[in-house]
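Trainee: Before we look at any particular feature, could you show me how you would read a model like this one, step by step?

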Amino acid sequence: MEMVNAIGRRKASVARVYVTKGDGEISINGKTIKEYFPQSNIQSNITDPFTVVEVENIYNVKVNVKGGGFKGQAEAIRMAISRALVKMNEDFRKPLKARKFLTRDARVVERKKYGKPKARKSFQFSKR
């Protein structure tokens, strides 16, 4: 098996993932997963696709991610890993799709409108 790559997106984040056979190492932008994401819940969020299809510590993952914040980046990485796993084995599609790991969450921040302080908030109305 050679290298399989996939792209995942969430909010303003774009993650490019390269998956190869290995011993379960995950490197994100040249750092380990524990260095890049110190929060344990974010780390588990990234490794969820492997636990769902029960292939932990079988694949090495190299990630290039940019844009957005840590939550958007983590979900973009999760989506890219899920897509790469489906490319490797089509049987993984059903459990990953059931957990919505293959669905692109297209919600992004609404732009600010002119004449308003934020996207929808208005200035206080005064009758007199």
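Mentor: Let us begin with a term we shall need: a residue counts as buried under 20% relative accessible area, as exposed over 50%, and as partly exposed in between. Please keep in mind throughout that this is a predicted model.

Trainee: Is Lys 11 buried, partly exposed or exposed on that scale?

Mentor: Lys 11 has 45% relative accessibility, and therefore counts as partly exposed. This residue is found in the loop between strand 1 and strand 2, and its backbone deserves a look as well, since Lys 11 has a positive phi of about 50° although it is not a glycine.

Trainee: What is the phi of Asn 29, and where is Asn 29 found?

Mentor: Asn 29, which is not a glycine either, has a positive phi of about 50°, and it is found in the loop between strand 3 and strand 4. At 34% relative accessibility, Asn 29 counts as partly exposed.

Trainee: Those loops join strands; in what order do the five strands lie in the sheet?

Mentor: The sheet is open, its five strands follow the order 1-2-5-3-4, and the pairing is mixed. Strand 1 (4-10) and strand 4 (31-32) stand at the edges with a single partner strand each, so one side of each has no neighbour in the sheet.

Trainee: How many bridges join strand 1 to strand 2, and do the two run parallel or antiparallel?

Mentor: Strand 1 and strand 2 (residues 13-21) run antiparallel and are joined by seven bridges; to take one position, Ile 7 has Arg 16 in strand 2 as its bridge partner.

Trainee: Which strands does helix 3 lie across?

Mentor: Helix 3 (residues 70-88) lies across strand 1, strand 2, strand 3 (26-28) and strand 5 (59-66), and it runs at about 145° to strand 1.

Trainee: And how should I read a pair of helices?

Mentor: Two packed helices are described by the angle between their axes and by the distance between those axes. Here the axes of helix 2 (residues 40-52) and helix 3 come within 8 Å and cross at roughly 10°, which makes helix 2 roughly parallel to helix 3, and the crossing is right-handed.

Trainee: Which residues of helix 2 make the contact with helix 3?

Mentor: Helix 2 contributes Ile 42, Asn 45, Ile 46, Pro 49 and Phe 50, while the residues of helix 3 include Phe 70, Ala 74, Ile 77, Arg 78 and Leu 85. By class, this contact of helix 2 with helix 3 has nine nonpolar, two polar and two charged residues.

Technical notes: Residues are numbered from 1 along each chain as its sequence is written. This is a predicted model: local features need pLDDT of at least 70, side-chain atom pairs count only at pLDDT 80 or more; totals for chains, interfaces and linings use all residues. Side-chain values use heavy atoms; hydrogens and water are left out. Two strands pair if DSSP finds at least two bridges between them. Helices (H or I, at least four residues) and strands (E, at least two) are DSSP runs, numbered from the N terminus. Contact means heavy atoms within 4.5 Å. Axes are lines fitted to C-alpha atoms, for helices over the stretch in contact, and angles run from 0 to 180 degrees between N-to-C directions. Buried means under 20% relative accessible area, exposed over 50%, partly exposed in between (1.4 Å probe, protein chains only). Angles under 35 degrees count as roughly parallel, over 145 as roughly antiparallel, 65 to 115 as roughly perpendicular and the rest as oblique. A crossing is left-handed if the near helix is turned anticlockwise from the far one by less than a right angle, and right-handed if clockwise. Ala, Val, Leu, Ile, Met, Phe, Trp, Tyr, Cys and Pro count as nonpolar, Asp, Glu, Lys and Arg as charged, and the others, Gly among them, as polar.
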